[in-house]
Number of protein chains: 2
Amino acid sequence: MVAATLKDVAELAGVSVKTVSNVVNGYAFVKPENRRRVEEALAATGYRPNVGARNLRRGRTGFLALVLPELSIPYFGELAGLVINAGHDQEWNVLIEQTLGTREGERATLGALGPHMVDGAIVSPEALHANDFEELSGGVPMVMLGEHAVDVPVDRVGIDNVRAAEVAVRHLVAIGRTRIAAIGQHPTRGTAALRLAGYRSALTEAGLPVREELIAPALNYHRRDGATAMADLLALPEPPDAVFCFNDLLAIGALRAAAERGVRVPGDVAIVGFDNNEESAYSLPSLTTIAPDKRAIARAAVDLLRRRVSGEEGLAPQQVHVPFALEIRESTS
Amino acid sequence: MVAATLKDVAELAGVSVKTVSNVVNGYAFVKPENRRRVEEALAATGYRPNVGARNLRRGRTGFLALVLPELSIPYFGELAGLVINAGHDQEWNVLIEQTLGTREGERATLGALGPHMVDGAIVSPEALHANDFEELSGGVPMVMLGEHAVDVPVDRVGIDNVRAAEVAVRHLVAIGRTRIAAIGQHPTRGTAALRLAGYRSALTEAGLPVREELIAPALNYHRRDGATAMADLLALPEPPDAVFCFNDLLAIGALRAAAERGVRVPGDVAIVGFDNNEESAYSLPSLTTIAPDKRAIARAAVDLLRRRVSGEEGLAPQQVHVPFALEIRESTS
């Protein structure tokens with residue numbers, strides 16, 4: 001098939017080449033009737049705009065990278081869908097790269113990105129060190145998702161994790177629980193440290209002791225890790241009457257471990273999660289959880305990248321906190 | 001800013017243009033010291049290798065598109081992760097596009113792809129017509145995921161849906177159920193028609209009547225649609241004693257609708273799903289389900305594309321059936 005040209009489309013539509021160009025390039029101020037005729041002619045001719053050439057003129061590749069641990073983790077699947085949509089609004093197509101959440105995986109992925117490939121990257125790191133960022137970000141504007149202990153001079157978007165953890169634990173205190181456990185302690189995850197700090201401060205604020213035996217580690221944040229940690233907590237001489245899990249997958253695993261032992265939720269143990277994965281509204285019992293505004297995270301990240309890519313060089317690194325809410329469901333009521 | 005050239009980089013690094021070229025093109029056998037100096041010079045000059053030109057030499061863009069309904073649907077999140085991994089093995093980065101499963105979304109996405117952007121596309125269609133494919137695939141090799149009624153001359157990868165549905169329903173017959181319902185009838189989804197055909201044939205084979213009132217439609221295949229359909233089935237004068245759901249999300253919704261009405265699973269109603277999402281091993285009760293070999297789907301799709309892209313033009317369209325298994329869990333035992 002011989003490729004149709006702008007001129008072919010213009011002739012078929014009965015408009016000027018300039019009008020076709022305006023429609024193809026997405027400019028506003030094209031008369032609706034002309035836009036309709038051009039769109040019909042575009043469809044009829046199968047015209048394909050040379051996006052490569054257009055991006056070259058703009059100095060863009062037209063691609064964004066989204067770097068995350070694993071798409072099979074529901075939080076990241078849901079977030080990635082929202083980033084793709086937000087990217088499209090800025091005429092970006094989104095490449096997705098998976099790191100498995102290891103420092104080696106994160107280093108290898110960032111090291112392979114370059115300005116020839118993408119205009120920018122949205123990175124959800126779990127194990128990167130501050131100097132990894134400086135070493136590897138060469139030339140590609142980056143926005144980091146989530147709060148992390150590492151202090152790097154890049155834009156960041158996330159919720160206030162300390163405050164969110166406090167809200168979760170205060171809710172467990174408010175329903176009368178006194179032996180409140182935490183699942184998700186982790187040696188290198190930045191958000192684990194922040195959620196643990198919020199857990200401790202909310203207990204202290206309520207006049208409850210922080211019992212180290214009630215703080216359970218999780219090697220990963222998958223469902224099976226939550227089940228293992230919950231089994232350990234329920235085997236204690238004095239088991240907890242509530243558990244704050246650092247993500248929903250841990251909480252789903254904890255629900256199952258409780259059910260397998262005949263422990264009633266919330267009767268014997270109340271459970272709160274974190275992330276508000278779609279499945280958490282349907283689990284039995286449904287899960288009370290911290291719900292970050294994922295759509296706001298996706299939009300803020302893409303918007304910050306747009307500002308960086310369009311060359312707002314003087315802009316200091318931004319830290320954007322998006323809203324969150326506590327979704328109260330059956331697992332605590 | 002004037003663009004830096006390979007020569008600028010070579011001068012700054014104090015190495016030959018050939019060495020810079022070797023680093024930029026990712027060839028091995030560059031002395032570590034030279035690699036370091038080139039990388040520093042690349043960063044200092046902001047040099048952008050013309051990957052477009054490199055891939056042009058190879059006749060590739062280096063990108064694959066994965067076109068699917070929604071990443072927030074766990075089946076697609078899990079599958080996308082596997083396609084990204086399989087793509088990397090062939091030096092492809094994977095762009096992900098979401099269609100929401102509508103014909104308009106699928107047409108718009110395929111129409112926007114072109115050989116300037118991607119080397120090929122892996123498409124999981126839900127509503128496309130055969131002539132949409134012919135009209136829109138212009139120049140981009142495509143592999144279709146799943147079985148569909150539409151007869152299009154492209155490679156396809158999926159499981160044998162009729163047989164998988166028969167296996168699911170035979171299992172319900174084998175545990176003694178006689179009023180077996182189906183959730184997921186749909187006017188345009190190709191796999192729905194195939195799964196329904198398998199449901200009907202397994203019932204007939206077992207000497208059980210096909211009762212039309214036990215075949216429940218689902219407008220979408222989300223959890224809420226399963227809950228709605230199950231509520232309708234349980235309100236029948238003679239409710240079913242088993243339900244075969246056309247995906248796991250429908251089954252998760254059905255589990256909740258049963259629990260909310262005090263209907264025991266599997267005591268009163270046994271439930272089988274389809275897809276083997278990770279969450280289905282942790283639901284309460286855990287879900288018996290058809291488990292397609294998703295890794296095999298991802299690998300076969302990427303491998304077929306590689307053959308098309310490398311120009312095996314004479315190859316007739318392939319249809320690859322990958323294995324599946326019935327995972328028997330608590331919801332039927």
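How much area is buried between chain B and chain A, and what share of it do carbon and sulfur atoms give? In this predicted model, the area buried between the two chains comes to about 3600 Å², with 57% of it from carbon and sulfur atoms. On the chain B side, the residues that lose the most area to chain A are B:Arg256, B:Tyr282 and B:Leu284, which together make up 22% of what that side buries. Counted by residue, the contact draws 44 from chain B and 39 from chain A.

The polar side of the interface comes next. The rule picks out 4 salt bridges between chain B and chain A. One of them pairs B:Glu330 with A:Arg256, whose closest N and O atoms sit 2.8 Å apart. Polar contacts across the interface number 18 residue pairs, with both partners at pLDDT 80 or more. As for where the chain B residues come from, helix H5 (74-88), strand E2 (93-98), helix H10 (223-234) and helix H11 (248-260) of chain B each put at least two residues into the side that touches chain A. H5(B) has the largest share of that side, at 7 residues.

How do the two copies relate? A turn of 172 degrees, plus a shift of 0.9 Å along the axis, lays chain B on chain A with an RMSD of 2.7 Å. Both copies use the same surface for the contact, as 86% of the contact residues of chain B turn up again in chain A.

Within chain A, there is an open sheet of 6 strands, ordered E7-E6-E8-E9-E10-E12, in which the pairing is mixed. Strands E7 (215-217) and E12 (324-327) of chain A are at the edges; each has a single partner strand, so one side of each lacks a neighbour in the sheet. From one strand to the next, the twist averages 15 degrees.

At the E7 edge, strand E6 (residues 180-185) of chain A runs parallel to E7(A), and 3 bridges join the two. Here A:Gln185 is found opposite A:Pro217 of E7(A). Helix H10 (residues 223-234) of chain A packs on the sheet, where it touches E6, E7, E8 and E9 of chain A, and its direction is at about 145 degrees to that of E6(A). Another helix, H8 (residues 161-174) of chain A, lies across E6, E8 (242-245), E9 (270-274), E10 (288-292) and E12 of chain A. Relative to E9(A), H8(A) runs at about 165 degrees.

Definitions and conventions:
Residues numbered from 1 in each chain as written. Chains lettered and ligands numbered in written order. Predicted model: local features only at pLDDT ≥ 70, side-chain atom pairs only at ≥ 80, totals over all residues. Heavy atoms only, no water. Pairing = 2+ DSSP bridges. Helix = DSSP H or I, 4+ residues; strand = E, 2+ residues; numbered from the N terminus. Axes fitted to C-alpha atoms, helices over the stretch in contact; angles between N-to-C directions. Contact = heavy atoms within 4.5 Å. Least-squares fit on C-alpha atoms with pLDDT ≥ 70 in both. Buried area = accessible area lost by both parts, 1.4 Å probe. Salt bridge = Lys/Arg side-chain N within 4 Å of Asp/Glu carboxyl O. Polar contact = N/O pair within 3.5 Å; in protein donor to acceptor, adjacent residues only side chain to side chain.
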